Amino acid sequence: MPDTNKSAASRPTEIVISATDIARLEALATASLERFPLAAELLLQEVERATVHPPAEMPDDVVAMNSVVRFRDESNGAVRQVELVYPPDANIEAGRISVLTPIGAALIGVGVGQSIPCPTQDGQSRSLTVLGVE
């Protein structure tokens with residue numbers, strides 16, 4: 001008999017993206033496949049599996065474009081707060097990270113309390129947990 005009571009850890013994290021952002025994110029990822037393959041592929045995967053909501057129905061506790069998000073890197077316990085932005089607005093020193101980075105692509109659409117795997121540049125994986133969204 002199949003196990004219908006799988007743990008939350010074995011199920012993919014639900015991704016929710018605004019209808020306003022979905023087409024722009026997909027176009028950005030597709031256009032960036034050659035230049036930024038890791039982040040672009042991750043972003044495309046997230047966009048393809050996302051549940052799309054009208055902007056007025058987006059939950060307040062989900063990471064969207066231009067959200068300020070606080071998250072914990074479960075590999076080392078470090079907590080960071082960043083604003084998720086499109087590439088032209090990125091500025092690491094100012095705490096604005098591009099959605100076209102592995103961390104940005106992983107965080108888009110994730111809700112408070114959820115964890116998601118995030119690939120590292122060296123081919124490893126770490127888990128990020130969303131602690132808060134503004």
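## A helix pair, a nonpolar core and the strands around it

In this predicted model, the residues Ile22, Leu25, Glu26, Leu28, Ala29 and Thr30 of helix α1 meet Ala40, Leu43, Leu44 and Val47 of helix α2. Sorted by class, the residues in this contact of α1 with α2 are 8 nonpolar, 1 polar and 1 charged. Helix α1 covers residues 19-31 and helix α2 covers residues 37-49, and the two pack at an angle of about 150°, their axes lying 8 Å apart. Since angles over 145 degrees count as roughly antiparallel, α1 is therefore roughly antiparallel to α2. The crossing in which α1 passes α2 is left-handed.

One residue of this contact can be followed more closely. Ala29, which is found in helix α1, has a relative accessibility of 0% and so counts as buried. When its neighbours within four places in sequence are left aside, Ala29 is in contact with Ala40, Leu43 and Leu44, and these three residues are among those of α2 that meet α1. For a sense of distance within the chain, Ala29 and Gly111 are 82 residues apart in sequence, and their C-alpha atoms are 21 Å apart in space.

Beyond the end of α2, the chain enters the loop between α2 and β2, and this loop is the place of Ala50. With a relative accessibility of 16%, Ala50 counts as buried, because the cut-off for that class is under 20%. Not counting residues up to four places away in sequence, Ala50 touches Ile15, Ile17 and Ile22, and Ile22 is one of the α1 residues that meet α2. The C-alpha atoms of Ala50 and Ile108 are separated by 9.7 Å, although their positions lie 58 residues apart along the chain as the count of separation.

From here the view can widen to the interior. In soluble globular proteins, nonpolar side chains tend to be buried together. Here the largest nonpolar core has 34 residues, and those that touch the most other members are Ile17, Leu25, Leu43, Val99, Leu107, Ile108 and Leu128. At least two residues of this core come from each of α1, α2, β3 (68-73), β4 (79-85), α3 (102-107), β6 (115-119) and β7 (125-133). Helix α2 gives the most to the core, with 6 residues.

Among the core residues with the most contacts to other members is Leu128. Which residues is Leu128 in contact with, once its neighbours within four places in sequence are left aside? They are Phe71, Arg72, Asp73, Ile103, Ala106, Leu107, Gln114, Ser115, Ile116 and Cys118.

The strands offer two further residues to follow. Val85 lies in strand β4 and is buried, with a relative accessible area of 2%. Leaving aside neighbours within four places in sequence, Val85 is in contact with Met65, Asn66, Ala90, Arg96, Ile97, Ser98 and Val99. Met65 and Val85 are 20 residues apart along the chain, and their C-alpha atoms are separated by 5.8 Å. Asn66, another of the residues that Val85 contacts, belongs to the loop between β2 (51-53) and β3. Asn66 has a positive phi of about 70°, although this residue is not a glycine, and at 45% relative accessibility Asn66 counts as partly exposed.

The second strand residue is Val68, which lies in strand β3. Is Val68 buried or partly exposed? With a relative accessible area of 23%, Val68 is partly exposed. Leaving aside neighbours within four places in sequence, Val68 is in contact with Gln81, Val82, Glu83, Gly132, Val133 and Glu134. Val68 and Arg96, which are 28 residues apart in sequence, have their C-alpha atoms 8.7 Å apart in space.

Conventions:
Residues numbered from 1 in each chain as written. Predicted model: local features only at pLDDT ≥ 70, side-chain atom pairs only at ≥ 80, totals over all residues. Heavy atoms only, no water. Axes fitted to C-alpha atoms, helices over the stretch in contact; angles between N-to-C directions. Helix = DSSP H or I, 4+ residues; strand = E, 2+ residues; numbered from the N terminus. Parallel < 35°, antiparallel > 145°, perpendicular 65-115°, else oblique. Left-handed = near helix turned anticlockwise from the far one by under 90°. Contact = heavy atoms within 4.5 Å. Nonpolar A, V, L, I, M, F, W, Y, C, P; charged D, E, K, R; others polar. Core = buried A, V, L, I, M, F, W, Y, C linked by side-chain atoms within 4.5 Å. Buried < 20%, exposed > 50% of the residue type's maximum accessible area, 1.4 Å probe, protein only.
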